[in-house]
Amino acid sequence: MKPTEKPTSTIDTSAMSAGQRAALEMAEESRDTRAVSGFASSLFMGAPDFGKVTPFTRQSREDAQAGDAFVDQLGEYLKNHTDPDAIDRDGEIPDAVIDGLADLGAFGIKIPKEYGGLGLSQTNYCRAAMVLGSHCGNLTALISAHQSIGVPQPLLVFGTDAQKKKYLPPCAAGGISAFALTEVGVGSDPARMQTTASRSDDGSHFLLNGEKLWCTNLLKSQYIIVMAKTPTEEKPHATTAFLVDTQAEGVEIVRRCHFMGLKALYNGVVRFEGVRIPVEDIVHAEGKGLKVALTTLNTGRLTLPAACIGLMRECLDISLRWCREREQWGAPIGNHAAVAAKLADMAADTFATEAMVYYVSALVDADKKADIRIEAAMAKLWGTEAGWHSVDETMQIRSGRGYETADSLRARGESPDPVERMFRDSRINTVFEGSSEIMRLFIAREALDPHLRRGAVVIDSRVPISGRVTALIKAGLHYSLWFPSRFLPRDAGIPSGMHPILKKHMRAIHRASRKLSRRLFLSMLTNGPKLERRQLLLGRYVNIASELFAMSTACARAESISHDDASDAIGAHALQTTDYLCHRGLRRISGWLKESRKAPDSKGYKLAQELMQYGG
Ligand SMILES: Cc1cc2nc3c(=O)[nH]c(=O)nc-3n(C[C@H](O)[C@H](O)[C@H](O)COP(=O)(O)OP(=O)(O)OC[C@H]3O[C@@H](n4cnc5c(N)ncnc54)[C@H](O)[C@@H]3O)c2cc1C
């Protein structure tokens with residue numbers, strides 16, 4: 001790079017391998033360039049702004065009323081007209097069920113009424129996902145892939161009026177859509193994308209060529225949003241998002257894919273051979289495809305923790321019933337401490353995931369363009385891991401009966417609790433729409449942003465030395481005040497009238513956040529650019545901040561519940577659950593802090609690399 005050229009990313013990629021550089025530069029180019037400013041990022045900076053979570057924004061009466069009728073109808077419909085075990089057994093969703101859901105408006109929950117949708121809020125959409133998630137993983141995936149990542153969501157954010165008029169009404173009426181990013185060589189790394197689209201000589205259209213893997217809803221879809229490379233000389237990794245009609249010439253559904261769970265997922269491989277796409281069907285703009293995908297996923301990935309809330313509620317229901325009913329060793333199994341602890345964990349996980357999902361949904365409802373990137377990613381990471389933990393513990397509580405299929409239990413005359421199906425169906429939640437590992441990297445990158453904006457230039461070998469020295473002096477001055485101030489307790493906006501138990505936890509959250517910010521800063525100093533490679537260390541910092549986020553939103557929600565019109569018993573239960581959640585959270589955090597100093601990460605890494613080289 002010439003000394004006068006401005007680096008394209010904040011991070012110095014000059015010493016990286018070509019593949020790593022391409023992946024990182026592409027991710028950097030598509031990042032939201034706004035400075036992160038939400039509550040979650042303040043946790044990393046040791047200055048949690050509790051004024052952003054308290055008072056907790058509960059769904060307004062009007063918004064709740066607007067959603068109640070649909071959410072109730074959906075629940076009734078699922079209960080009376082669908083059989084999740086049959087859907088799982090047959091690997092098919094009956095057409096009548098898809099039609100019935102379309103009649104309810106379930107394919108256009110967030111689509112505005114003017115385009116034929118229900119025009120409901122993000123909060124009501126998440127409530128619907130909770131209902132679906134408690135009932136059937138296959139139906140959850142059908143509805144959510146269509147609306148969270150399929151055509152409606154990106155069009156609501158980026159679509160032109162003409163695109164909205166053309167595509168949203170059929171989508172709302174049940175014209176199913178899908179999202180195609182993944183390829184054989186592209187999982188978490190879109191820089192490897194092979195699907196391309198090239199502009200015609202007259203500039204009126206693009207020709208799309210390539211193959212996409214694991215496209216959910218593909219076999220039932222009318223439209224797909226497809227990511228393809230549209231390289232230019234300046235931007236060799238440029239991607240563009242296209243609206244593709246599955247009936248267009250050159251679109252071929254190659255095969256259906258089958259999985260461990262979600263047996264009725266209409267997921268498959270799709271091939272594009274010279275598919276002609278008019279320029280009007282570009283979403284947002286040429287070269288902005290990855291931005292479309294990442295922005296879509298920011299809000300889209302909230303559906304997964306919302307669905308996990310439904311799953312966790314169901315797990316808790318099944319577990320509680322069995323814990324009361326099943327007696328072993330002279331007592332109901334729920335009276336044995338080892339089993340009781342699982343119930344407490346499930347209740348705390350459910351309450352905290354609800355708090356996070358409602359909190360982030362309220363931010364979206366207040367401002368469609370709100371910056372929720374860290375908060376939504378934390379809700380996805382924490383909520384899907386909690387969901388998986390709950391279903392795993394339910395399997396343990398139900399034990400032999402957890403492992404037995406619902407059909408087999410039914411045939412023996414026992415309660416056909418579908419734990420085995422729930423277990424299979426939910427394992428994928430920590431993988432798709434951003435695996436847990438990628439979520440940790442994503443959150444860490446965003447969390448480091450305020451420091452990178454000040455300090456990255458200092459160690460960036462691409463910047464002339466004079467610029468680096470100036471940046472060093474400026475950063476030195478800033479941090480000579482900033483770092484010591486992270487030791488000082490400050491007024492963080494904890495409401496004075498808050499319940500004493502919650503107030504105590506909020507103070508502990510503040511202390512832990514200050515400690516986190518100091519550790520993170522010292523890690524940056526000692527590791528320099530190599531910090532980016534210390535994934536386990538960064539992962540622990542992300543775990544700490546995510547735990548603090550879960551605790552903070554839960555405290556705020558418990559305070560609001562105990563003050564509002566809820567009964568005393570509900571208020572007391574919210575307090576008790578949050579108290580347990582926070583005690584458990586602080587214990588976890590202290591473990592991660594200890595590990596961040598003492599864990600044998602480098603020994604483990606060396607062992608793994610030797611295994612990679614010499615075999616098992
Ligand atoms: C049932 C199902 C439905 C799906 N639906 C869709 C869909 O509708 N549309 C679509 O486009 N895709 C879809 N996918 C693809 C899904 O999003 C990908 O599986 C996911 O992105 C992970 O990609 P991968 O499986 O290729 O794993 P890889 O990216 O190959 O990753 C393998 C492992 O390495 C880890 N890893 C990768 N890179 C890093 C890194 N830099 N640092 C640390 N760890 C790393 C990952 O976390 C993972 O554990 C679906 C997949 C499934 C199974």
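Is glutamate 286 buried, partly exposed or exposed? Select it and look: at 34% relative accessibility, glutamate 286 counts as partly exposed. Keep in mind as you click around that this is a predicted model.

**Start with the whole chain**

Zoom out and show the cartoon. You should find 21 helices and 10 strands in the protein chain. The radius of gyration is 25 Å, close to the 25 Å that the globule rule gives for 616 residues, so the chain is as compact as a globular protein of that length. Along its principal axes, the C-alpha trace spans about 75 × 65 × 60 Å. Color by accessibility if your viewer can do that: buried residues account for 55% of the 616 residues.

For a ruler across the model, pick the C-alpha atoms of lysine 530 and lysine 165. They sit 49 Å from each other, with their positions 365 residues apart along the chain. Lysine 530 is in the loop between H18 and H19, and with 52% relative accessibility it counts as exposed.

**Next, the salt bridges**

The count of salt bridges comes to 34. Here are three stops among them.

Go back to glutamate 286 and add arginine 199. These two form a salt bridge, and their closest N and O atoms are 2.8 Å apart. Arginine 199 lies in strand S2 (residues 196–199), while glutamate 286 is in the loop between strand S8 (282–283) and helix H10 (289–300), so the pair ties together parts that are 87 residues apart in sequence. Like its partner, which is partly exposed, arginine 199 is partly exposed, with a relative accessible area of 41%.

Now select aspartate 85 and arginine 410. Their side chains meet in a salt bridge, 2.9 Å from N to O. This pair links distant parts of the chain: aspartate 85 is in helix H4 (residues 84–90) and arginine 410 in helix H14 (residues 406–411), 325 residues apart. The two ends have their own settings: aspartate 85 is buried, with a relative accessible area of 10%, whereas arginine 410 is partly exposed at 39%.

Stay there and add Arg89, Asp407 and Arg421 to the selection. Together with Asp85 and Arg410, they are linked in a network of salt bridges.

For the third stop, pick arginine 540 and aspartate 601. They form a salt bridge whose closest N and O atoms are 2.8 Å apart. Arginine 540 lies in helix H19 (residues 535–563) and aspartate 601 in helix H21 (residues 601–614), so the contact ties together parts that are 61 residues apart in sequence. Both arginine 540 and aspartate 601 are buried.

**Over to the surface**

Switch on the surface and select Lys515, Lys594, Arg597 and Lys598. They form a positive surface patch. Which helix gives the most to the positive patch? That's helix H20 (residues 568–598), with three residues. Lysine 515 belongs to helix H18 (residues 500–527); with 36% relative accessibility, lysine 515 counts as partly exposed.

Then pick Ile465, Val469, Ile473 and Leu477 for a nonpolar patch on the surface. Together these residues have about 420 Å² of accessible area. Click on leucine 477, which is found in helix H17 (residues 465–485). At 58% relative accessibility, leucine 477 counts as exposed.

**Last, some backbone oddities**

Most residues other than glycine have a negative phi, and most peptide bonds are trans. With that in mind, check three places.

Select threonine 54 and proline 55. A cis peptide bond joins them, with omega at about -10°. You'll find proline 55 in the loop between helix H2 (39–44) and helix H3 (61–81).

Jump to tryptophan 214. It isn't a glycine, but it has a positive phi of about 55°. Tryptophan 214 is placed in strand S3 (residues 205–215).

Finish at glutamate 433, where phi is near 55°, a positive value in a residue other than glycine. Glutamate 433 is in the loop between helix H15 (419–426) and helix H16 (436–455). Is glutamate 433 buried or exposed? With 14% relative accessibility, glutamate 433 counts as buried, since the cut-off for buried is under 20%.

Technical notes:
Residues numbered from 1 in each chain as written. Predicted model: local features only at pLDDT ≥ 70, side-chain atom pairs only at ≥ 80, totals over all residues. Heavy atoms only, no water. Patch = residues over 30% accessible without salt bridge, like charges linked within 9 Å, V, L, I, M, F, W, Y side chains within 5 Å. Areas by Shrake-Rupley, 256 points an atom, 1.4 Å probe, with all protein chains shown as cover. Salt bridge = Lys/Arg side-chain N within 4 Å of Asp/Glu carboxyl O. Lys, Arg positive; Asp, Glu negative; His and termini not counted. Charge placed at Lys NZ, Arg CZ, Asp CG, Glu CD. Helix = DSSP H or I, 4+ residues; strand = E, 2+ residues; numbered from the N terminus. Buried < 20%, exposed > 50% of the residue type's maximum accessible area, 1.4 Å probe, protein only. Rg over C-alpha atoms; globule rule 2.2 N^0.38 Å.
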